[in-house]
Amino acid sequence: MIGSDLSALAKNRDALLLAEVAMWLHMPGKYHEEFLGKNHRLDVKIPKDLSDNFPQLSELLTDGWPARLWEKIPLSDSGKGSLSFYSFIKNHRDREKAKKHANLIKLAIDAHGRGSGSEKGVLRRESYEKQDGGTVYLSTAFGYEVNPIDLDALGSRKEKLYGYLKDQLDLLKASLDLEGKNTWGVENWLHWRQPFLKRLKDDFITSVGDTRRPVNDVSLWDQIAASVAFFKTELAEVFLKKWKDPFENGEQYKYKTLRVSLQGIEFLSQSSRIPDVLARRTLIEKGSELIKNVIEIEYPLGLEIYRDAGRILFLVPEIDGLQDYRVKNGIPLKDYLQEKFNAVSDHEIELDITLSSGSSRNVFFSGKEISEQVRPLTPSFAYLKKIWENRQEARCEICHVRPLGFGAEDRGGSYSQKARERNMCCVCLGRLEGSSENGETVWIDEVADANGRIALIAARFDLGRWLNGEMISTFRNLKECGVTYKNILEEFKVMEEPGKKLEKLEKYSKIAETYAQKKHGETLGGLTIYGLYKLIVKDDDLGEAYPSLSENEKLALAVWRKTPSFARVRRVWESTQAFWEDIRQEFRHYKVDYRLKIIGSFTSIDNNTSLALFNPYEAENNGTKFGIFTNENKELLIIENLHYLAKKIGVLPQQIETRKELVSFFSEEFCTGKTLNIYQPEEKKGDKLIGTLEITHVCPEETPYLPAITILVEPDRFMAIVPAEKAMEISTLIKEKYEKEMAKVRNRLPVSLGVVFARSHIPLVALMDAGRRMINQPLEQQRWVLKSDVKIDGDSYAICFDNGITWEIPVKMGDGKTEDIWYPYFYVEGVPGDRLTAFKGLNSGAWLVHVKELKKGDVVSIFPSKFDFEFLGSTSLRFEISYNLEGKRRELKNKTSRPYLLEKIEYFKDVWLLLIKKLERSQIKSIIEIIEAKREEWNVNEDDEVFKNFVHNVLQNAHWENGPPPEISNLEMMAVNGELRDIVELYMNVLKVKPARGNHSKEAQA
């Protein structure tokens, strides 16, 4: 070991990062139309059109200029001096002759195998499904294919990429000191590397690493990024420990993860105003980038493999105590990372930096590292002592950390006094001076609907079992070849026999490699069964976990399943992240084209106060208050839903529906010469009158905005504030998108969806806490029973369960022709001996069966998706959002039906439309009041026959238009179990939809 510090990495930064660049570019031939067509060996070549049309780039790739720096790497060989970028391209998968290559290339070959080759397993090439005719689909991690890759567009992007690469490599060659006497510097690498990697990702993420199904689920970007992570980590270990040959027995590299936890979601939820939320989110992003730059550039130790608002994971070498290795000035790495984060967080968060206890040849344990709870994070005692020493101030009402007025060193005493007047520290006051992001407003009153109500949409995917590889192992890896898992399992029962060769196994050798050694065309003998076990099981997740499986079961599963490689695990969270990004993009449909601005002359009470730019105030008109905001022109913009403001003033919504009517109304209401009182909002003290505004005129301000505020877009969760009237529309959109893109895995990938309704002035802390409580409900596994055999319905199979739920599971790939034999599997109770598709999974050793072979009476394991809602009439109601171990609401008896299965969302809407078509508003209200009063008076449950009869009589005797509807029996059942009450509460009391018999207007059908 060189020593327990990271100085060797910093001193050799240029050589390390230049080798990393070579690994990022080790497969340019895969980003090519010919590779997607039929030339699958283009990955080890420089494409001809690159050589012909970009000769300078070709020379930069083939010339040995980088080797002059790589000579500094302690790799114990003399082969580095002749290497080039092309050495990586040509030899990256030459495992058979790995020992003859330079040691740097050996690392590249090993890393490529970890990031790429291991995901395919040992199946023969013909055991995969080809995508022929130049039509190639890139699948999500869950088997969803949309459109084939556009080869023309790829060709055009590729040409531009070649030109970009030529310029960037030219810059590196000219800027780096190839003699290694001077380093290029952290800032130079940072400014060069960030846009370089972004450009590669933008291009490579649109194509595949492999064209064959089902391994077309990994994008070229994922495959390369995985290889780079392993390569960079191995190279760092060479500097920190010693060189070891990955192709010598016992010398294989293993990896750990360095986790930096910052509990960002809790940090965000402490915000009392939206600008503070957005500022804190930006703070987390900036702080995370600073940490990333230390690990990836300043001390090139590893690569980021996962990030969300709560944690960052880096792949790092297998070195115990690595977080305590010293950096500049002898500071431990973990303290240095804290210092970097403090620079943007104002010491508000103490990081939890830990190294994984285990190490592995893969990264299957990263799921545990991501989902594991960490201790509550608070500012350090030393920092608190420093900022509170000799101070008698009260605490800031925003952060609850710093004293009032603290942090104005570079802004002057007046800013400190301004913060004190608003019961804040200067740090939090600065954060509140926010602005719009992505066109979204930052003002909750602008998000509110015409009733002054908002809704927090909160949703969460349960990714824990996916990120540890368990659920990825539920996918089959080979096409239909006439060989079953049970065939392979049976053949592997003889694995203990010494010397049993793979080529002796009829079924196995039909689909997979026997690894026979050949010399001069003569077969000398192949790999044994136990040799195969050591090759593909021993150092993988199957070998290091799941002790309940026997060795032959593990080996059979390793052949059969889709391998949970690092690239594939990465693809899981990229797919879910993209899902939420798409949902956010849907908000653009709610765009508002303008605001109203009030022009006038302000007079302060003390003749010493002016309206500050970019600051919110309250205006008062005849007793009605509303929000305003000063823009860069010192004009006052109304930051409130104009329909709701008109309603507060006393105008019915139907009287002013159009933009013209709104402008006309407010022009008259705020006529020239009229005076408005202006208030400065203050925390807990009420608004302070600071002056008056004499109005000159009112007119539209032509700046469109989105009445939505996105708080979180994470791989596993989403959170946004939207108008209450749009909440169910967005919830339905999430449900439909989920059922479309995750349909094949919906039994194994649940989503929790919660909607918290509230008035627009509800404290933000309470709103976000309620949302967090909803999506953190326990996700229990349930046993559902098939009511009948599955039935083919076009390109889908219909599954009817005895709980009344029906699912449509698509069984075609994106081309509409290829049968999906890989993804739609269900855990079935018992051993399904008569199902040809069945294979054993990792979930307690249960068996998986393809959807097409499910039968009546099958008991299947389901992780159900849930939906819940609440109207937060007061802040204390959030504490009633709590769930028992069965996943049901704990609190008041009349809400124990919640949460509902996600499938109920549209059913709720259908029931509501039936009610408003057949009953008057007063009737609906009366029915619910009578039933719920009797439920409480009798203290009954759903099984009480007397109560059921009572409900029957109430509904039968209601004044239905044209008599009771055919659905009356279902309505009775829903009334008994409380569903009908919840539907009426949601649509009538929360959304305030005005039902009227025969009314089919858009408003009534919201």
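Here are some short exercises with worked solutions on a predicted model.

**Exercise 1. Work out how many cavities of 30 Å³ or more there are, and what lines the largest one.**

Let's start with the idea. Rolling a probe the size of a water molecule over the atoms shows where empty space is left.

Step 1: the count. There are 5 cavities of 30 Å³ or more, and the largest has a volume of about 90 Å³.

Step 2: the lining. Around the largest cavity you'll find Leu25, Pro28, Tyr31, Leu50, Leu57, Leu61, Lys158, Leu161, Tyr162, Leu165 and Phe204.

Step 3: the elements. Helix 5 (55–62) and helix 9 (151–175) are the elements that give two or more residues to this lining. Helix 9 has the largest share, with 4 residues.

Step 4: the chemistry. Sort the lining residues and you get 10 nonpolar, no polar and 1 charged.

**Exercise 2. Trace the closed barrel: what is its strand order, and which helices lie across its strands?**

Step 1: go round the barrel. Its 6 strands run 8-11-10-9-12-13, and the pairing is antiparallel. On average, neighbouring strands are turned by 45° against each other, ignoring direction.

Step 2: take the pair of strand 12 (residues 675–680) and strand 13 (residues 688–701). These two are antiparallel and share 6 bridges. Isoleucine 678 has glycine 691 in strand 13 as its bridge partner, and glutamine 680 has lysine 688.

Step 3: move to strand 8 and strand 13. This antiparallel pair has 10 bridges. For a spot to click on, try leucine 596, which stands opposite proline 700 in strand 13.

Step 4: add the helices. Helix 27 (residues 642–649) lies across strand 8 (595–604), strand 9 (616–621), strand 10 (624–630) and strand 11 (636–638), and runs at about 145° to strand 10. Helix 28 (residues 659–669) lies across strand 8, strand 9 and strand 13, at about 135° to strand 13.

**Exercise 3. Find the edge strands of the open sheet, and say which helix lies across strand 16.**

Step 1: write down the order. This open sheet has 6 strands, ordered 14-15-5-16-25-26, with mixed pairing.

Step 2: look for strands that pair on one side only. Those are strand 14 (709–713) and strand 26 (900–901), the edge strands.

Step 3: check one edge. Strand 26 runs antiparallel to strand 25 (residues 866–871), and 2 bridges join them. Lysine 866 stands opposite leucine 901 in strand 26.

Step 4: find the helix. Helix 30 (residues 764–775) lies across strand 5 (453–461), strand 14, strand 15 (717–723), strand 16 (751–759) and strand 25. Relative to strand 16, helix 30 runs at about 155°.

**Exercise 4. Is cysteine 426 buried or exposed, and which residues does it contact beyond its neighbours within four places in sequence?**

Step 1: place the residue. Cysteine 426 sits in helix 18 (residues 426–432).

Step 2: judge the exposure. Buried means under 20% relative accessible area. Cysteine 426 is at 0%, so it counts as buried.

Step 3: list the contacts. Leaving aside neighbours within four places in sequence, cysteine 426 touches Gly405, Phe406, Gly407, Ala408, Tyr415, Ser416 and Ala419.

Step 4: try a distance. Tyrosine 299 is 127 residues from cysteine 426 along the chain, and their C-alpha atoms are separated by 34 Å.

**Exercise 5. Locate the backbone oddities: where are proline 214, proline 899, asparagine 390 and histidine 400?**

Know the usual picture before you hunt. Most residues other than glycine have a negative phi, and most peptide bonds are trans.

Step 1: the cis bonds. The bond from arginine 213 to proline 214 is cis, with omega near 5°, and proline 214 is in the loop between helix 10 (186–204) and helix 11 (220–240). The bond from arginine 898 to proline 899 is also cis, with omega near -5°. Proline 899 lies in the loop between strand 25 and strand 26.

Step 2: the positive phi values. Asparagine 390 isn't a glycine, yet its phi is about 60°. Histidine 400 isn't a glycine either, and has a positive phi of about 60°. Asparagine 390 is in the loop between helix 16 (381–388) and helix 17 (413–421), and histidine 400 is in the loop between helix 16 and helix 17.

Step 3: the exposure. Asparagine 390 has a relative accessible area of 76%, so it is exposed. Histidine 400, at 42%, counts as partly exposed.

Methods. Residues are numbered from 1 along each chain as its sequence is written. This is a predicted model: local features need pLDDT of at least 70, side-chain atom pairs count only at pLDDT 80 or more; totals for chains, interfaces and linings use all residues. Side-chain values use heavy atoms; hydrogens and water are left out. On a 1 Å grid over the protein atoms alone, a cavity is a set of points where a 1.4 Å probe fits but cannot get out, and a pocket is an open set with protein on both sides within 12 Å along at least five of seven lines; lining residues have an atom within 4 Å of a point. Grid points are joined across faces, edges and corners, and a volume is the space filled by probe spheres set on the points. Ala, Val, Leu, Ile, Met, Phe, Trp, Tyr, Cys and Pro count as nonpolar, Asp, Glu, Lys and Arg as charged, and the others, Gly among them, as polar. Two strands pair if DSSP finds at least two bridges between them. Axes are lines fitted to C-alpha atoms, for helices over the stretch in contact, and angles run from 0 to 180 degrees between N-to-C directions. Contact means heavy atoms within 4.5 Å. Buried means under 20% relative accessible area, exposed over 50%, partly exposed in between (1.4 Å probe, protein chains only).
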